[in-house]
Amino acid sequence: MIKLIIFDLDGVLVDAKEIHYQALNTALSNIDKKYVINREEHISTYDGNTSITKLNLLSKNKGLPYELHEKIWEDKQNITLQMIGDLEVDTRLVEVLKKLNDDGYILCCATNSIRKNPKPASEIYLRCIIKAGVNTKETIILEDSDLGKEGARQTGAYVLDIKDSDDVTYEKIKNFINEWDYIK
């Protein structure tokens, strides 16, 4: 029986992925437009990685000087904070979470740390599972990125593929839970 539902933050509960993408590209373009990550590159190579990992990949793939990493990282964080200030509360998602909470599920949010546990590391999910006091087969993880799904699967928990925050519905989650509970 499912007891714990873990939500990834960026792209699942908050559509901040686009904010992070735009903020990093703004910081990169302030250095040189040749370092900007186009949409195809983002999806195939950079999506789901921490900013530090993205900068390392940019150094490897596009010759971004390593000595610029700290400045770009700091600029990206400041730009992100400015952009996040414009976000509005998604009342529909709040209602989904309230219903799941009322149903008795333990709810957790797991996301990449700025400096530690980048995906596909599964530690962020395992910490939630341990803190909730459940086992992995009593857990579903909602993830949108390929790296996140890889890390989530490494835990042994059930993984629900999410496209974006609009894809997070009470019905979708309950149907997924009912399907796994039926198979058991």
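Buried means under 20% relative accessible area, exposed means over 50%, and partly exposed lies in between (1.4 Å probe, protein chains only). This is a predicted model, in which local features need pLDDT of at least 70 and side-chain atom pairs count only at pLDDT 80 or more, while totals for chains, interfaces and linings use all residues. Residues are numbered from 1 along each chain as its sequence is written, and side-chain values use heavy atoms, with hydrogens and water left out.

**View 1. The whole protein has 8 helices and 4 strands.** Helices (H or I, at least four residues) and strands (E, at least two) are DSSP runs numbered from the N terminus. Their order from the N terminus is β-α-α-α-α-α-β-α-β-α-β-α. Along the principal axes, the C-alpha atoms fill a box of roughly 55 × 30 × 30 Å. The radius of gyration of the protein is 18 Å, which agrees with the value near 16 Å for a compact globule of 184 residues; the radius is taken over C-alpha atoms, and the globule rule is 2.2 Å times the number of residues to the power 0.38. Of the 184 residues, 43% count as buried. Contact means heavy atoms within 4.5 Å. Among contacts between residues at least 6 apart in sequence, 64% join residues at least 24 apart.

**View 2. Helix H7 spans residues 146-154.** Leu147, Gly148, Lys149, Gly151 and Ala152 are buried in H7. The packing partners of these buried residues are helix H6 (123-132), strand E3 (139-143) and strand E4 (158-161). Gly156, just after H7, has a positive phi of about 90°.

**View 3. Asp10 sits in the loop between strand E1 (4-8) and helix H1 (17-31).** Leaving aside residues up to four places away in sequence, Asp10 touches Ala16, Lys17, His20, Thr111 and Asp144. Asp10 and Ser145 lie 135 residues apart in sequence, and their C-alpha atoms are 9.2 Å apart in space.

**View 4. The largest nonpolar core has 19 residues.** A nonpolar core is a set of buried Ala, Val, Leu, Ile, Met, Phe, Trp, Tyr and Cys residues joined through side-chain atoms within 4.5 Å. The members that touch the most other members are Ile5, Phe7, Leu100, Ile140, Leu142, Val168 and Ile173. Two or more residues come from each of E1, helix H5 (91-102), E3, E4 and helix H8 (170-183). H8 gives the most to this core, with 4 residues. Ile173 touches Ile5, Phe7, Val96, Leu100, Ile140, Leu142, Leu160 and Val168, not counting residues up to four places away in sequence. A second, separate core of 14 residues includes Ala27, Ile37, Tyr46 and Leu55.

**View 5. Gln77 lies in helix H4 (residues 69-84).** Gln77 counts as buried because its relative accessibility is 17%. In sequence, Gln77 and Ala23 are 54 residues apart; in space, they are 7.7 Å apart, C-alpha to C-alpha.

**View 6. Pro65 is in the loop between helix H3 (51-62) and H4.** Pro65 has 23% relative accessibility and therefore counts as partly exposed. Tyr35 and Ser59 are touched by Pro65, with residues up to four places away in sequence not counted. Between the C-alpha atoms of Pro65 and Leu55, which are 10 residues apart along the chain, the separation is 9.3 Å.
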